[in-house]
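Work through the exercises below with the sequence and the structure open. Each task is followed by a solution in steps.

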Amino acid sequence: MTDLKAKIPEGPLAEKWTRFKGNQKLVNPANKRKLDVIVVGSGLAGASAAASLGELGFNVKVFCYQDSTRRAHSIAAQGGINAAKNYPNDGDSVWRLFHDTIKGGDYRSREANVYRLAEVSGNIIDQCVAQGVPFAREYGGLLDNRSFGGAQVSRTFYARGQTGQQLLLGAYSALSRQVNKGSLEVFARTEMLDLVVVDGKARGIITRDLATGEIQRHSAHAVVVASGGYGNVFFLSTNAMGSNASAAWQCFKKGACFANPAYAQIHPTCIPVHGSFQSKLTLMSESLRNDGRIWVPKNKEDAEKIRKGTLKPTDLKEEDRDYYLERRYPAFGNLVPRDVASRAAKERCDAGYGVGTGLAVYLDFADAINRLGRDVIEARYGNLFQMYEKITDENPYETPMMIYPAIHYTMGGIWVDYELQTTVPGLFAIGEANFSDHGANRLGASALMQGLADGYFVLPYTIQNYLADEIKTPRLETSHPAFDEAEKAISERIDQLFSIQGTKSVDSFHKRLGAVMWDFVGMARNKEGLQQAIDQIVQIKKDFWSDVRIPGDKSELNPELEKAGRVADFIELGELMARDALQREESCGGHFREEYQTEEGEALRNDDQYRYVGAWEYKGADQEPVLHKEDLIFEYIQVKQRNYK
Amino acid sequence: MDFTLKIWRQENAAVKGKFVTYQINDISPDSSFLEMLDQLNESLIDKVQKPVCFDSDCREGICGACGLYINGRPHGPDDAITTCQLHMRKFKSGQTIVIEPWRAKPFPIIKDLVVDRSSFDKIIEAGGYVSVNTGGVPDANSIPIPKANADLAMDAAACIGCGACVAACKNASAMLFVSAKVAHLSLLPQGRVEAKERVRKMVDTMDELGFGNCTNTGACEAECPKEISLTNIARLNREYYAAKLS
Ligand SMILES: Cc1cc2nc3c(=O)[nH]c(=O)nc-3n(C[C@H](O)[C@H](O)[C@H](O)COP(=O)(O)OP(=O)(O)OC[C@H]3O[C@@H](n4cnc5c(N)ncnc54)[C@H](O)[C@@H]3O)c2cc1C
Ligand code: SF4
Ligand code: FES
């Protein structure tokens with residue numbers, strides 16, 4: 001039976017991490033060279049971990065499915081990265097960042113992990129600046145900050161609207177330096193298909209070279225999964241086309257518990273859906289909410305005229321507009337956390353006040369332009385405005401932007417303990433792939449922080465606590481029967497996919513799954529809908545495995561085969577998400593159960609019964625997964641109803 | 001909208017490729033170029049044919065994965081965007097659209113419209129970084145940097161490594177790409193320390209990998225989706241000669 005031991009160090013909150021580092025086991029330099037570590041993923045988490053492990057002297061292999069490690073999905077992050085530097089002297093501190101993150105996550109994360117995250121956040125900024133990351137600066141030459149949702153201080157560092165790109169290129173440069181030094185080997189265009197477990201420990205992976213179709217074996221002393229989130233379960237999301245859950249899902253099937261799968265984040269400011277051929281959704285950075293005001297018409301008749309095109313938004317008088325976030329949440333206004341802002345938009349649109357196709361609200365910069373001038377707005381958001389115009393053919397300097405919520409991030413993921421180790425010894429999970437620090441809702445600009453905290457400053461320490469006991473373990477030959485077995489299973493699955501020769505494309509199944517997920521496991525969920533979702537997903541799975549069509553063959557570049565493997569896993573994960581949402585009979589953060597809300601429509605938690613991490617254990621293809629609970633104990637923070645009024 | 005597509009099809013690097021013509025109808029002007037190709041591929045799968053392979057991931061102009069040569073221009077007829085940001089409203093219904101992969105010796109074709117750009121990674125590995133290890137670095141605000149320099153560095157750092165500059169250049173030169181990294185780092189005090197060694201190693205590696213010489217035609221700048229400026233090449237040249245002299 002799986003035992004969820006969080007392994008939180010003893011001692012006062014503020015000293016736990018220091019104590020851990022002071023007492024943990026380390027590997028001496030001579031022994032590091034004898035140890036191999038596999039890192040799956042080259043996003044912020046994977047690249048920073050791989051580079052740091054290489055610098056320490058381990059032999060590292062990095063894998064990514066893109067043609068270059070520099071293209072990982074982290075590259076698309078726009079808005080910024082949080083750190084408790086308190087440079088603006090506006091009252092920020094490690095404690096406040098810790099507190100905001102726990103509260104933002106609706107009291108569903110571990111105190112010790114989150115405190116450590118806040119504690120190392122400042123080091124990240126130092127590290128990135130040393131690498132040459134060109135963060136925005138003020139005229140005095142010092143770093144500039146902005147504010148993000150869920151915070152009353154300015155603690156977000158940014159590089160124009162391309163923060164993720166610049167941070168990733170920083171990590172990529174560190175990784176490239178290790179390639180040059182010979183301590184790190186990159187396998188790009190290579191997908192992890194299975195985890196190899198020997199004597200209960202993670203000892204390697206099976207991969208497919210996507211250009212040639214060759215199945216390959218890699219052994220190591222530890223495996224680190226940094227494969228990102230699973231938002232693409234919904235088909236349409238802001239994630240990159242190839243973002244997938246397959247690496248994490250194979251770990252689940254090999255014994256790693258999967259925690260809080262139901263916690264998915266819907267981002268309030270995305271460009272609305274425009275057609276059935278749409279392949280992905282584009283995010284408009286949350287930073288826009290610093291200066292943009294969100295509204296819909298006050299009267300339904302006006303909303304209808306706008307939808308028909310007989311009334312222009314710019315012609316609507318001030319008193320005929322409903323700035324609903326400012327109205328409902330005067331203290332935070334347009335800067336309420338994402339889940340709150342998203343549901344409020346859905347509420348207005350469902351009530352008939354939506355604009356555009358009816359599923360859109362306005363994000364208006366007219367006031368900001370009047371107050372600050374067009375130049376200032378252009379300097380702050382120029383590239384975002386340009387991106388918006390390219391996509392929609394509308395000029396946001398002249399007419400308000402239209403936005404609508406979309407799936408953006410997944411808080412759930414592989415369960416890890418304080419050391420970022422999963423329930424499989426030797427298997428670690430970092431970045432968005434793990435469930436750790438954001439509870440039921442992530443605050444803006446905190447994912448980049450977590451990915452880099454895990455990769456630069458946490459994992460390189462904690463993994464040594466495990467590896468110190470492996471220094472006598474010889475390298476594993478990839479001819480070991482465990483590799484034979486894993487490779488055989490993978491080859492059979494690929495052959496099975498080709499043998500179906502059905503009538504429908506992989507995408508058609510993915511779209512069907514996405515529609516079910518969005519309707520029943522999306523922004524608002526209820527018992528009946530979730531049960532229906534499970535039934536429908538079971539049916540989609542049957543249809544997929546009997547009617548999918550994959551052209552071409554397996555020993556060539558074959559994107560349809562790649563997608564098929566990913567969609568097969570998404571279908572199973574979708575079902576687990578629905579199950580998890582069903583068992584959690586409360587509303588918290590990104591998980592909103594319609595049955596559990598206050599009279600004003602706010603999320604209603606049930607701390608007595610659901611203050612736990614729900615971690616699922618795989619029991620076999622024909623069996624239901626088993627739920628394990630890790631109780632969350634709050635010693636330092638008073639658990640309250642979140643209030644952004 | 002309706003289009004005639006002439007698309008380069010090639011099974012792999014070892015065999016010869018050819019243009020194949022497809023007709024595609026009922027495309028929405030709001031559809032992106034790659035969504036148009038998605039729809040073509042759906043119809044090919046319907047007919048039990050192999051879909052057209054092309055690279056893309058973020059589909060919002062930042063990862064640098066996409067890159068098609070469309071009607072004789074890298075990333076198509078619109079300026080300052082990547083292929084994934086191109087929309088069909090930029091074309092006329094009934095038009096013929098010719099779609100090819102990047103064509104440059106250092107970017108061998110893998111299949112159809114997909115090329116191997118790993119030579120770019122090799123150039124960065126040669127020296128496109130500041131040699132600092134994780135930890136033990138000074139406080140971020142201990143090094144003030146004039147805003148103007150930080151902004152210029154950011155302009156250069158915006159390069160997405162797509163390779164359009166190489167595809168646009170008749171010599172297949174990678175100068176714009178290399179100069180963007182050289183300029184980004186040499187404009188910052190952190191990067192100055194190794195500036196000489198960096199430029200030497202990166203340029204030498206670029207030459208070894210078979211990229212051609214820069215003859216200042218400016219085709220790269222005109223096609224760069226991130227508007228990386230030719231002034232970066234001037235800066236690279238200054239840095240390079242200074243490095244050679246010392
Ligand atoms: C549009 C957008 C904007 C965002 N903006 C912000 C922001 O402003 N601030 C913020 O804090 N957060 C932001 N986020 C969230 C943040 O970008 C992500 O959570 C974070 O970058 C994830 O990093 P990661 O390293 O965990 O994974 P990723 O960057 O997703 O990397 C995953 C890696 O795993 C590899 N991989 C995946 N599967 C496999 C496999 N089977 N085999 C081999 N390799 C595999 C991929 O190739 C890739 O290298 C944004 C997200 C989006 C979508
Ligand atoms: S310089 Fe421009 S065209 Fe060349 S790789 Fe960079 S972004 Fe692409
Ligand atoms: S797909 Fe990422 S830049 Fe086009």
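**Exercise 1.** Is A:C251 buried or exposed, and how far is its sulfur from the closest cysteine sulfur?

Solution.
- Step 1: in this predicted model, A:C251 has a relative accessible area of 0%. The cut-off for buried is under 20%, so A:C251 counts as buried.
- Step 2: the closest cysteine sulfur to that of A:C251 belongs to A:C257, at 12 Å.
- Step 3: a disulfide needs the two sulfur atoms within 2.5 Å, so the distance between A:C251 and A:C257 is too far for a bond.
- Step 4: over all chains, the count of disulfides is zero.
- Step 5: apply the accessibility cut-off to B:C162 as well. Its relative accessible area is 6%, so B:C162 is buried.

**Exercise 2.** Describe the contact between domain 1 and domain 2 of chain A.

Solution.
- Step 1: set the bounds. The domain assignment of chain A places domain 1 at 267-406 and domain 2 at 481-606.
- Step 2: count the residues in contact. Domain 1 of chain A contributes ten residues and domain 2 of chain A also contributes ten residues.
- Step 3: take the separation. The C-alpha centres of the two domains of chain A are 31 Å apart.
- Step 4: take the area. Interface size is often expressed as the accessible area lost when the parts come together. Between domain 1 and domain 2 of chain A, about 750 Å² is buried, and carbon and sulfur atoms give 58% of it.
- Step 5: find the main contributors on one side. Of the area that domain 1 of chain A buries against domain 2 of chain A, 55% comes from A:D339, A:R343 and A:K346, more than from any other three residues.

**Exercise 3.** Which residues form the salt bridge between A:E602 and its partner, and which helix gives the most to the domain 1 side of the interface in chain A?

Solution.
- Step 1: across the interface of domain 1 and domain 2 of chain A there is one salt bridge, and the residue pairs in polar contact number three.
- Step 2: A:E602 is in a salt bridge with A:R328, and their closest N and O atoms are 3.4 Å apart.
- Step 3: on the side of domain 1 of chain A that touches domain 2 of chain A, helix 10 (338-350) and strand 15 (401-410) each supply at least two residues.
- Step 4: helix 10 of chain A gives the most to that side, with four residues.

**Exercise 4.** How many helices and strands does chain B have, and what percentage of its residues is buried?

Solution.
- Step 1: chain B contains nine helices and seven strands.
- Step 2: of the 246 residues in chain B, 58% are buried.

Methods: Residues are numbered from 1 along each chain as its sequence is written. Chains are lettered from A and ligands numbered from 1 in the order in which they are written. This is a predicted model: local features need pLDDT of at least 70, side-chain atom pairs count only at pLDDT 80 or more; totals for chains, interfaces and linings use all residues. Side-chain values use heavy atoms; hydrogens and water are left out. Buried means under 20% relative accessible area, exposed over 50%, partly exposed in between (1.4 Å probe, protein chains only). Domain bounds come from an automatic or database domain assignment. Contact means heavy atoms within 4.5 Å. Buried area is the accessible area (1.4 Å probe) that two parts lose on being put together, summed over both. A salt bridge is a side-chain nitrogen of Lys or Arg within 4 Å of a carboxyl oxygen of Asp or Glu. A polar contact is a pair of N or O atoms within 3.5 Å; within protein, one must be able to donate a hydrogen and the other to accept it, and residues adjacent in sequence count only if both atoms are side-chain atoms.
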